[in-house]
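Here is a short briefing to read alongside the sequence and the model. Please keep both open as you go through the points below.

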Amino acid sequence: MNSAEWHARVEAAGQVVGAGFLIAPRRVLTCAHVVVPTDTADAVTVTFPERPDCPAVPARVIADGGWGGGPTDPGDLAVLELAYEVPITPAALAPVGAARGHRADRPRKLVVYGFPVGFDEGTLAEYRITATQLLNREWIQLEAWQPGGQPLAPGFSGAAATLADTGEVVGMVTAAAGAPGVHNGRMMPTEVMARHWPDLKSLVPTSDHGAADRARLRGLVERAVRAGLDCDPVRLVRLYEASRGPLDPAAPGEGFDSLWSAALFVLCEIDGADAAGTVARFTAQVEALFRAPAGPAAAPDWSPILVDLRHSGAGDGHVRVEVSAYSGGRRHPVGSETVPRTRVRAYVQERIEAAFRYLTPGCDELIAFALPRDWIDLPVDRWASGPDDDTPLGSVYPLVVTDQARLRPGARHQLTRAWKRLDTLPGARVHRVECGSPEDPARLRLRLRKPDACLAGFATAPAASRTRPHFDTSLTAPAPVVIWSRGGCAGGPEACAGGDGCAGKTFLDELDACVAGVPPAELPREVLALREEADAEEGHWARDIQLLWDDPRVFTDPHGETPAHPRSPVS
């Protein structure tokens with residue numbers, strides 16, 4: 001339970017009358033029979049035993065479930081409004097049905113925190129559900145977890161029934177057995193509580209999010225709020241829009257009034273196959289708040305070395321290689337030669353080393369390869385970084401590739417406009433092209449041209465026949481960033497449904513989690529870190545990662561052409 005501060009003790013006329021739990025900064029839930037029958041309902045106060053520094057807070061009943069007054073009447077629920085907000089994190093609700101456990105023969109342990117006679121400071125009781133059947137469409141029966149445990153008694157009414165392992169609320173205790181020696185009672189599950197008070201629905205997460213993921217996000221949000229890192233409404237919408245998947249709902253028209261409300265929207269409104277991915281991306285966005293400086297983040301001041309590889313026109317045995325360095329807004333040609341294929345790597349090593357002489361010392365270096373489309377999968381990041389150093393080039397420097405067709409002026413104009421928009425995004429949102437069901441290429445083009453488009457992620461390599469049209473579309477749309485694994489899915493998109501066990505799905509899931517909080521301008525550095533990890537860990541998901549990234553503003557040369565050498569490669 002970790003001394004959850006949201007457990008509440010309800011008092012009237014100076015006497016403890018039951019329990020409750022905080023579900024919003026000014027809202028406490030309890031049973032109607034705890035507060036309604038008293039003649040002092042207007043004198044109700046709420047205290048939080050785990051926060052002895054927090055004084056008793058006056059409260060009033062603002063809603064109830066329509067309870068008729070009898071012990072078997074439905075709707076035994078009351079909503080208390082506190083006189084002011086308390087600085088306590090509200091209780092976290094569990095998805096509907098979480099109390100049942102994963103197996104019918106292994107119910108989950110539930111813990112309740114009540115205030116029976118003699119325990120004004122509170123005491124715990126351990127219970128489980130007897131069966132999933134609803135009694136009178138209203139209650140679930142509880143029974144003691146073990147013989148001899150604390151029985152439910154007056155003072156437990158209104159207590160939250162929480163999962164022992166996660167601390168999430170699954171229901172509220174409404175009644176004890178009423179007979180001496182009988183250790184059972186009843187609870188109203190959250191789905192019934194939401195039926196009686198519809199506002200509760202927005203606080204119940206969907207079952208498509210894992211408990212660990214929910215706990216991690218809530219913990220991060222709590223830390224962020226306590227650290228004063230809550231965001232303005234405009235930025236909160238941007239955080240969500242950068243996290244949501246293509247089928248997720250748009251942010252509500254009124255936006256979000258706090259980081260908590262944005263996180264609850266993600267947990268409670270997002271469901272389906274990509275729900276876990278959305279939570280992972282939003283969690284990464286919240287993590288990024290702790291790394292962000294007080295002012296706007298400055299993008300890396302990239303100084304690139306451009307390696308242009310082309311078909312030579314002199315046969316398959318030769319390659320045209322041109323190397324340039326960009327520094328201080330100028331392009332500096334370093335080398336241009338047609339070389340045998342067997343000499344390409346050595347020539348590139350030599351010219352890259354020479355190109356560093358033109359870069360400003362201490363700048364953010366970037367190695368960029370411009371490749372023909374049929375060579376776009378070339379593993380240039382695995383090339384040795386030097387004749388005496390076999391460390392992969394992509395594990396030493398940030399390294400990206402681009403398609404030579406995107407060096408044309410029209411494409412550069414579109415990309416420049418897109419990158420100006422990306423400067424405002426706090427993270428890179430992935431549009432997934434899965435193995436099992438790639439969307440129509442025409443629809444993909446429309447999707448990638450929308451204002452919130454950033455990164456196209458592929459579950460398989462470009463050479464796969466089924467996804468090749470989608471890959472070509474992502475290059476010509478143009479998508480500012482494209483990422484894939486050269487290994488791709490072993491089964492291939494023609495045979496794979498993209499479900500669990502698909503290497504491509506695993507790649508996209510991991511990619512989502514890694515880049516959601518990374519500004520697009522910093523992706524080359526992030527992929528460098530992933531390649532370094534992959535070198536140190538066998539079977540790492542990012543070992544064959546290929547990053548197509550080209551911000552035209554990085555390759556600015558006011559005195560010359562953006563492509564290294566626009567003349568014919570055989571001239």
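**Strand β22 and its partners**

β22 and strand β23 (residues 545–549) pair in the antiparallel sense over five bridges, where strands are DSSP runs of E of at least two residues, helices are runs of H or I of at least four, both numbered from the N terminus, and pairing takes at least two DSSP bridges between two strands. This is a predicted model, in which local features need pLDDT of at least 70 and side-chain atom pairs count only at pLDDT 80 or more, while totals for chains, interfaces and linings use all residues. Residues are numbered from 1 along each chain as its sequence is written, and side-chain values use heavy atoms, with hydrogens and water left out.

- In the pairing with β23, S485 stands opposite I545.
- β22 also pairs with strand β21 (residues 455–458), this time in the parallel sense and over four bridges.
- Within that parallel pairing, F458 has W484 of β22 as its bridge partner.
- Strand β22 spans residues 481–485, and five of its five residues are buried (under 20% relative accessible area with a 1.4 Å probe, protein chains only; exposed is over 50%, and partly exposed lies in between).
- V481, I483 and S485 point one way from β22, V482 and W484 point the other way, and all are buried.

**The chain as a whole**

- The chain holds 12 helices and 23 strands.
- Of its 571 residues, 51% count as buried.
- Contacts (heavy atoms within 4.5 Å) often span long stretches of sequence: among those between residues at least 6 apart, 68% join residues at least 24 apart.

**The largest nonpolar core**

- This core has 42 residues, and W6, F21, F48 and L82 have the most contacts inside it; a nonpolar core is a set of buried Ala, Val, Leu, Ile, Met, Phe, Trp, Tyr and Cys residues joined through side-chain atoms within 4.5 Å.
- Strand β6 (residues 78–82) supplies the largest share of this core, four residues.
- Beyond its neighbours within four places in sequence, W6 is in contact with residues including F21, F48, I88, P90, A91, A160 and V169.

**The largest pocket**

- About 1,600 Å³ of space lies in the largest pocket. On a 1 Å grid over the protein atoms alone, a pocket is an open set of points with protein on both sides within 12 Å along at least five of seven lines, a cavity is a set where a 1.4 Å probe fits but cannot get out, and lining residues have an atom within 4 Å of a point. Points are joined across faces, edges and corners, and a volume is the space filled by probe spheres set on them.
- Its lining has 47 residues, with I23, P90, A91, W260 and L264 nearest the centre of the pocket.
- Elements giving two or more residues to this lining are β2 (15–24), α3 (211–226) and α5 (259–269).
- The largest share, six residues, comes from α3.
- By class, the lining has 23 nonpolar, 10 polar and 14 charged residues; Ala, Val, Leu, Ile, Met, Phe, Trp, Tyr, Cys and Pro count as nonpolar, Asp, Glu, Lys and Arg as charged, and the others, Gly among them, as polar.

**Cavities**

- A search of the whole structure finds three cavities of 30 Å³ or more.
- The largest cavity has a volume of about 80 Å³.
- It is lined by 13 residues, of which G97, A99, V170, P189 and E191 are the closest to its centre.
- The second largest cavity has a volume of about 50 Å³.
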